[in-house]
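Hi,

Here is the structure I promised to send over. Have a look at it first, and then read my notes below.

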Amino acid sequence: MKFYIPTEVYHEDGAVLKHSSEIASLGRKALVVTGRSSAVKTGALDDIIKALEDNNTEYILYDKIEENPSVGTIMDAAGIGRSQGADFVIGAGGGSPMDAAKAIALMVQNRDTSEDILYKPLKLKALPVVEVPTTCGTGSEVTPYAILTRDDIKTKQSISHKIYPVLACIDAKYLESAPAGLIINTAIDALGHLVESYFNTNATEYSRMASLYGMEKWAVNRDALETGKFTKDNYNQLLFASTLAGMAISHTGTSLPHGLSYYLTYNNGVPHGKAVGIFLPGYLAFMEKNSMPGYKEAVAKMGFKDTRDFTGFIKKCLPDVCITSDSIENMVSGIMQNPGKLLSVPVKTSEEDIKGIINYYK
Ligand code: NAP
Ligand code: FE
């Protein structure tokens, strides 16, 4: 067994300003990577700029990362980072800018290369990355993954390189401006990471330790998620759960619900957490049907009575999503050609099983 999380994690009020000298110590010029508005709205960008200015560190801002970032956007940002001499990268926002920061760090470091290296099995270094999350789902602040939209294969996929952030500064205040729907969707993404990592061929006692404790921390927020009313404690617990979930998937990867969700997001624009959530009841039911060891313990840790109770919760939180039959065909054929995701399921999985997982939600 192996447990390896090299990221230095600070989860506390004022994390960015409290650790400004550590952030600034990573280089001379930062490329700060954000989406169009949330980094400003949450106050995360102000904190990052103050942290850098207090330490006389130069920076460039790239604020054009879209949801489910594309390879084209990564290359655009990397071009700016290269030409202006950035030597470390700070990602601030949800999973999209945080993932983008890792891929950009790779492309700036390997300055004479083209985008072809993103998906090649090469051993390459990246510039140091700092992550500041403003959602409570992806755990990207501790994972080595960077999921990008790939138009060439019409889905999303993590780049081939494992880029762990050097530093993660987690502060619940950045969630306060988020609409309830975003907190719910991203909390369901974290739940997906916990479930898919726990029921996974690559799971070990160490990774399950992270999953089970993450489930326990996640569970106390059930009422808040159902009512859409959150306190500072909820934000802190959901962030803790999502970071633990990130540590779990760093060791195991995700499984079928994530693999299927990428098609739904690519083809139908369904936000990530929602797209994952639709497939979780079917995945859990599949584990129950196959008498998977740990099923009862995991369901209880998440605060549910059984798969039915779990499904009721997901339906209440995601009332407005549906899957069309042509998209089912597309997902099934795509996932059947994805050996990594199929092998992550701890029981042999046929095409019929996958259809069962998808249709379970209907
Ligand atoms: P996101 O795509 O980063 O952001 C979704 C939307 O929420 C954006 O419009 C964003 O605005 C806004 N937003 C973010 N924080 C906000 C806040 N505090 N208040 C108000 N609005 C806010 O959402 P996400 O669900 O966190 O990330 C999804 C991405 O992460 C997907 O690409 C997914 O594949 C990836 N992911 C990565 C991992 C991993 O291990 N690396 C795991 C799971 C998912 P702006 O555009 O203005 O920022
Ligand atoms: Fe996810």
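A quick bit of vocabulary: Ala, Val, Leu, Ile, Met, Phe, Trp, Tyr, Cys and Pro count as nonpolar, Asp, Glu, Lys and Arg as charged, and the others, Gly among them, as polar. Sorted that way, the shell around ligand 1 has eight nonpolar, 17 polar and six charged residues.

Keep in mind that this is a predicted model, where local features need pLDDT of at least 70, side-chain atom pairs count only at pLDDT 80 or more, and totals for chains, interfaces and linings use all residues. Residues are numbered from 1 along each chain as its sequence is written, chains are lettered from A and ligands numbered from 1 in the order written, and side-chain values use heavy atoms, with hydrogens and water left out.

Which residues come nearest to ligand 1? They are Ser37, Ser38, Ser96, Thr134 and Thr135, out of 31 around it (a residue is near if one of its heavy atoms lies within 4 Å). Helix H6 (95-109) and helix H7 (180-198) each supply at least two residues of this shell, and H6 gives the largest share, five residues. Helices here are DSSP runs (H or I, at least four residues), numbered from the N terminus.

Now for the polar contacts (pairs of N or O atoms within 3.5 Å):

- The side chain of Asp99 has an N or O atom 2.8 Å from a nitrogen atom of ligand 1.
- The side chain of Glu67 has one 3.1 Å from an oxygen atom of ligand 1.
- For Tyr145, a backbone N or O atom lies 3.2 Å from a nitrogen atom of ligand 1.

Cheers

Definitions and conventions: Polar contact = N/O pair within 3.5 Å; in protein donor to acceptor, adjacent residues only side chain to side chain.
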